[in-house]
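This report describes a structure chain by chain, then turns to its domains, its core and a few single residues.

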Amino acid sequence: MRRLLAVLVVVGCLSQETPSQLSRPISSECPILKSSHGSAETRDQADIDEQLSQARQMLLKARALIHDIPESHQEVAAANMSGQLVRACDLTDALATARYLKKPEAEAFAMGSIAWQLVNYRDTTQALFLLQTTAESQSRDASYESIARKLIEKGDVDQGLEATHFIKDPSRVADILIRLASLRTHAGDQLGAGRVLAGALRVGRDSDKERSR
Amino acid sequence: MDIGETPETSFALRRFSAFAYRQKTDRGETSYLQILASTKARLGDIVGATEIIGELSGTSADFAHMGIAEEWAWRGSIAEAMTAASQISDTRLRDSTLREIALNRTDKINLSDSLEAINKIDDSPARSEALATLALEQAQNGNPAVFHTLERWHASFEGASEFAKDARGTIAVTYGLLGEFEQARQVLDTLPDPESRTWPLWNLTSFLASRGRTQEAIDLANQEESAQPKLHALLGTAQGILDRVSQPKDSTNESFSK
């Protein structure tokens with residue numbers, strides 16, 4: 001175990017749009033305030049706002065240093081900062097940070113990190129929407145996979161299956177679904193496991209049909 | 001082991017076993033037997049794995065010995081694990097196996113077993129790193145034995161300079177987990193190059209800010225002159241603040257004491 005603070009490497013791909021060009025408005029709700037902890041509303045709102053503002057300042061200060069660190073670390077740093085900016089209720093700067101290095105690979109990492117945090121705060125719709133605005137690639141598939149895994153781990157089989165539907169490489173989907181079914185089995189959810197496996201069988205059958213055409 | 005032997009694995013192993021022995025007979029190829037022995041050990045079949053070792057020679061038996069050593073360690077039989085590890089001829093592989101024995105995550109191995117395994121690691125930096133990692137894992141698990149492990153690390157490696165820098169980062173983070181930030185900073189100050197300060201600073205600033213000691217985290221970030229550790233100190237501070245915001249209001253971050 002080397003890193004306590006896990007480096008989120010959720011691979012996405014280049015988005016063609018800037019934040020302001022997104023066809024769906026960015027949610028103004030702050031995910032951390034409606035998180036599963038459910039404790040934030042009981043606190044003094046001004047104190048929370050101050051802390052979120054301070055966290056944002058730290059992250060933007062950190063972002064300003066990104067070109068001064070070794071290039072091999074820049075992508076992961078940008079992805080980590082993007083994810084934390086989502087937690088700090090600043091999706092606009094999270095998206096700007098994803099595009100900060102002006103490199104498709106860096107944006108891919110960061111977009112996956114943003115989407116993962118959104119799913120973490122139960123905003124799966126927004127997460128899937130953001131990934132849909134990125135170009136198709138293996139990286140984006142990997143982001144969908146990690147989101148599906150997170151959702152299915154949490155027992156949200158329907159949305160997890162929905163996320164796998166966006167994976168473009170059919171050869172990966174059945175394999176991913178089988179692994180996700182085993183997650184549900186280990187969680188003692190035979191019904192959920194059966195539904196995920198049924199999804200895998202459907203993918204296999206569709207793939208066979210496609211090949212026989 | 002996680003899986004154990006099932007009818008399906010038995011059937012597959014029998015087929016693979018026939019193939020592996022045939023490869024040795026026909027072509028003198030023993031790599032498949034090495035894989036077979038390791039697999040059997042990992043499935044818990046130590047007798048079967050030991051039988052295959054008779055077909056192997058020299059370093060080709062190393063992975064089988066490693067598998068057997070780790071299986072014994074998993075079962076909590078430290079003496080057998082150490083005996084199997086001592087059969088490994090390659091020094092680095094033997095050290096790595098001893099590290100695995102020491103850091104075995106079952107509850108069946110106690111601190112003196114872990115320390116005994118670490119003491120047998122030949123390479124000094126690897127020994128230092130294993131001891132530091134043991135301390136970190138103990139701190140993470142709230143195991144009070146961490147303080148004894150830290151004392152052992154200081155007694156053995158504090159004066160060691162360059163080679164122990166990775167381990168020193170781990171020791172600094174361990175102190176941070178324990179809430180002993182002054183000691184963490186003292187260790188951090190001994191890390192000479194910026195890259196080696198990055199990971200510990202990232203963690204320490206996060207721990208500080210999540211305990212409400214944000215200004216100390218900011219001070220650490222401000223004192224850092226190199227971009228990479230500074231960036232991560234700022235990132236850690238932000239993460240700690242956000243962790244604190246999402247914690248239940250009355251939760252505390254009490255450190256456990258000696």
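The text below covers the make-up of the chains, the domain contacts, the nonpolar core and selected local features.

**Chains and confidence**

The model is a predicted one. Chain A has nine helices and zero strands, and chain B has 14 helices and zero strands. The two chains are set side by side in this table.

| Chain | Residues | Helices | Buried residues | Contacts at 24 or more apart, among those at 6 or more apart |
|---|---|---|---|---|
| A | 213 residues | nine helices | 46% | 66% |
| B | 258 residues | 14 helices | 46% | 56% |

Read from the N terminus, the elements of chain A run α-α-α-α-α-α-α-α-α. For chain A the mean pLDDT is 78, and 80% of the residues reach 70 or more. Residues 1–28 of chain A stay under a pLDDT of 50, and the model gives this stretch 70 contacts beyond four places in sequence.

**Domains of chain B**

In chain B, the domain assignment gives domain 1 as 1–119 and domain 2 as 123–258. Eight residues from domain 1 of chain B and eleven residues from domain 2 of chain B take part in the contact between them. On the side of domain 1 of chain B that touches domain 2, the elements that give two or more residues are helix H6 (91–102) and helix H7 (111–119) of chain B. H7(B) supplies the largest share of that side, four residues. By type, the residues on this side of domain 1 of chain B are five nonpolar, one polar and two charged.

**Domains of chain A**

Chain A is likewise covered by a domain assignment, with domain 1 at 26–123 and domain 2 at 135–213. Here the contact takes six residues from domain 1 of chain A and six residues from domain 2 of chain A. The side of domain 1 of chain A that touches domain 2 of chain A consists of five nonpolar residues, one polar and no charged.

**The nonpolar core**

In soluble globular proteins, nonpolar side chains tend to be buried together. In this model the largest nonpolar core has 126 residues. The residues with the most contacts inside this core are Ala78(A), Ile114(A), Ala115(A), Ala135(B) and Leu204(B), and thus come from chain A and chain B. Helix H4 (residues 104–120) of chain A gives the core its largest share, ten residues.

Which residues are in contact with Leu204(B), leaving aside its neighbours within four places in sequence? They are Ala172(B), Val173(B), Gly176(B), Phe181(B), Ala184(B), Leu188(B) and Leu220(B).

**Ile101(B)**

Ile101(B) is found in helix H6 of chain B, one of the elements on the side of domain 1 of chain B that touches domain 2 of chain B. Ile101(B) counts as buried because 27 other C-beta atoms lie within 10 Å, and the cut-off for a buried residue is 20 or more. Not counting residues up to four places away in sequence, Ile101(B) touches Ala69(B), Ala73(B), Ala81(B), Ala85(B) and Ala117(B). Glu55(B) is 46 residues from Ile101(B) along the chain, and their C-alpha atoms are separated by 26 Å.

**Helix H3 of chain A and the loops beside it**

H3(A) is mostly covered, with six of its eight residues buried. The buried residues are Leu91(A), Asp93(A), Ala94(A), Leu95(A), Thr97(A) and Ala98(A). Their cover includes helix H1 (45–63), H2 and H4 of chain A.

Most residues other than glycine have a negative phi. Cys89(A) has a positive phi near 65° and is not a glycine. Cys89(A) is placed in the loop between helix H2 (71–87) and helix H3 (91–98) of chain A. Lys102(A), also a residue that is not a glycine, has a positive phi of about 55°. The loop that holds Lys102(A) is between H3 and H4 of chain A.

Is each of these two residues buried or exposed? Cys89(A) is buried, because 25 other C-beta atoms lie within 10 Å. Lys102(A) has 7 C-beta neighbours inside 10 Å and therefore counts as exposed.

Definitions and conventions. Residues are numbered from 1 along each chain as its sequence is written. Chains are lettered from A and ligands numbered from 1 in the order in which they are written. Domain bounds come from an automatic or database domain assignment. Two residues are in contact if their C-beta atoms, placed from the backbone, lie within 7 Å. Ala, Val, Leu, Ile, Met, Phe, Trp, Tyr, Cys and Pro count as nonpolar, Asp, Glu, Lys and Arg as charged, and the others, Gly among them, as polar. A nonpolar core is a set of buried Ala, Val, Leu, Ile, Met, Phe, Trp, Tyr and Cys residues joined through C-beta atoms within 7 Å. A residue is buried if 20 or more other C-beta atoms lie within 10 Å of its own, exposed if 12 or fewer, and partly exposed in between; C-beta atoms are placed from the backbone. pLDDT is the predictor's confidence in each residue, from 0 to 100.
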